[in-house]
Amino acid sequence: MEHLDHLSINSLRFLGVDAINKANSGHPGIVLGAAPMAHVLYTRFLKAFPKKSNWFNRDRFILSAGHGSMLLYGLNHLSGYQLTIEDLKHFRQIGKTPGHPEYGHTDGVETTSGPLGQGISNAVGMAIAETHLASQFNKPGYDVIDHHTYVICGDGDLQEGVALEAISLAGHLGLGKLIVLFDSNDIQLDGKTDLAFSDDHKKKFESMNWHYQKVSDGNDINAITKAIKKAQKSDQPSVIEVKTVIGYGTSLAGTSNVHGSPIGEEKASELRKTLDWPYKPFEVPEDVYKYYKTKVYNRGSRSYRKWLNMITEYQEKYPTEAETLRAFIQEQNPVELNDLPSFEVGTMVATRSASGKVLDHLSKVYPNLIGGSADLTASTKAKGADGHFSKENRLGRNINYGVREHAMGAITNGMVLHGGLKVFSGAFFVFSDYMKPAIRLAALMQIPSIFVFSHDTIAVGEDGPTHEPIEQLAGLRVIPGLNVLRPADANETKAAWLWAIKQHKTPSAIILTRQNIKTLPCVSMETFEKGAYTVSPETNRLDGILLAAGSEVGLAIEAQQVLKDMGKDVRVVSMPSHYLFEKQDKAYQQSVLPEHVKTLAIEMGSSQSWYKYTRNVYGIDRYGLSAPLEVVIKAFGFTKEKVAQAFLNV
Ligand SMILES: Cc1ncc(C[n+]2csc(CCOP(=O)(O)OP(=O)(O)O)c2C)c(N)n1
Ligand SMILES: [Mg+2]
């Protein structure tokens, strides 16, 4: 091994060991074992310019095994990202070096990783985004979009279902520029992987249409280099299983004891002797900084400049494409509510159908809108334009996920993180449970993924309780930073989409009906954006309020009439978004839902999320039934008469 490589790899190892010791918390095992492969990747291959960390055509690198965050921080510090040695000294304190990598928090971090399986699945999304945009914009001699997506993952990542879903899809789609380095150390938290795992990685990956290679010695940087070069040539996604020793060099090497606890001062001194490391904690030899400056920073700078020159020529030769690319990257939003298809008041339209129509329209206005469903396109109507995205048709904007909801969520996030695209996914609402970890991460990362869900209540009917959401609305509404939009009709559906597509930092879940519902008097964007508004006012005096969302708004309006006939003058408030309503000032909130006015919240789902607005909730806190929808709805008392009676009973 070249002297400088040796020195650099040990710098990474000791930055990890010492920062983790100082924090008295962290995962040194992976840092010690995987430092060589990470070093090879950065110094030989990674095309990124640390000074311009958001350069659009950079290679993406994802540390899917996010518990190895100190490896990423070490690499990014040496490479010249905005991450000082002081930041590393504050590992796991409030600051730039949190326990697991956090997107938007630390320069050079491409995604939030740590929940195992998510990072590698995000990477599949990034690789899809790259190849889609490349096919759209590249011209002979002008590969303006041309980068790899690299991943380091561990044993745990590859045990997760979400990763397997994503890997399977990546192989099917032939994402050749996705390269995974697998830190294969046969150890995980609880002990040896063979406690719970005996798959044959080679057979598994090959059967999923991946290019598989093995490097038997994780310290053999020439073998790793060769393998990555070979992987780059494959038109299949590649995995390189690199056999490593967890906690390399320490007396705990090869055991799970070094997975997730600091090795301590004593063992760190021993390690200094074993690895012949005369330097103090956080002392990095100047030659290592110089080496990274030459190999990563300067190489990246040259690639970046070359790309800028290419883009300048591209702009001259292909001004239209160049302008479109610019608009994609800058996320421009040209649409207003009136531009979208109109739905006549009084007509019966399922909000999933309205959503499908709106989406078709938006796909025309936004040539960068891409997405698809998890084998439910016909049901969710969440379908992208320009045909199916496939190995043969990279321009297709409809992604067939198969029945892989969880990966769909993570891949959606990955495409959004890549940039240049607006991305949606579609599934049955009840199966949002299968996607929850990815939805949560979208919210945590503050990225504008759009999750479309249809079949929102017991009105699903015959498919019965397995398919009838109950607690899902409450469950999603409590995710901080996620806007759950439950439109009351076709026009609110339009507004929901418009809101979602204009976001830069907020993910949306748009919750839609399967059944036809009445189109209500037109909503304005202004009132919709307030989260709740009076959709049908009281006539003279305010005897009470019926507060509802989704299909129950129409029902509340019918119940309002029943109550009127009984001499009660009530207001109906539609609340498509708790999230947006919470953002309004007290005065507005009070004007819509005055205190001390009898208020009944109505929703065909868990009562949980309504108690902050009223003590009186007409909800469903048990599972549904299998029967025709009219029968089910009646059985649960969601008729205008029953609702009116419930109001009177309050
Ligand atoms: C979804 C999820 N489940 C559990 C954990 C907790 N956890 C973190 S690392 C780890 C073991 C992972 O093993 P491996 O990937 O082989 O890492 P190594 O021990 O080799 O560093 C576990 C269970 C997690 N981060 N994410
Ligand atoms: Mg392991």
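**Figure 1. Overall size of the predicted model, set against a globule**. With 650 residues to pack, a compact globule would come out at a radius of gyration near 26 Å, and the protein has 27 Å, so the two agree. Lay the C-alpha atoms along the principal axes and they fill a box of roughly 90 × 60 × 45 Å.

**Figure 2. What the chain is built from, and how it touches itself**. You'll find 23 helices and 19 strands in the protein. Take the contacts with a separation of 6 or more: 77% of those in the protein are between residues 24 or more positions apart.

**Figure 3. Inside and outside of the protein**. Of the 650 residues, 62% count as buried. The accessible surface adds up to about 25000 Å², and carbon and sulfur atoms own 49% of that.

**Figure 4. Charged side chains of the protein**. The tally is 69 positive and 70 negative side chains. Work out a centre for each set, and the two centres lie 3 Å apart.

**Figure 5. Close-up of Gln515 in its loop**. Strand S13 (508-511) comes in on one side of this loop and strand S14 (516-518) on the other, with Gln515 sitting in between. Is Gln515 buried or exposed? Its relative accessibility is 11%, and buried means under 20%, so Gln515 counts as buried.

**Figure 6. The neighbours of Gln515**. Leave aside residues up to four places away in sequence, and Gln515 touches Val349, Ala350 and Thr351, along with Asp456 and Ala459. Ser551 and Leu629 complete the list of residues that Gln515 touches.

How values were computed. Residues numbered from 1 in each chain as written. Chains lettered and ligands numbered in written order. Predicted model: local features only at pLDDT ≥ 70, side-chain atom pairs only at ≥ 80, totals over all residues. Heavy atoms only, no water. Helix = DSSP H or I, 4+ residues; strand = E, 2+ residues; numbered from the N terminus. Rg over C-alpha atoms; globule rule 2.2 N^0.38 Å. Buried < 20%, exposed > 50% of the residue type's maximum accessible area, 1.4 Å probe, protein only. Contact = heavy atoms within 4.5 Å. Areas by Shrake-Rupley, 256 points an atom, 1.4 Å probe, with all protein chains shown as cover. Lys, Arg positive; Asp, Glu negative; His and termini not counted. Charge placed at Lys NZ, Arg CZ, Asp CG, Glu CD.
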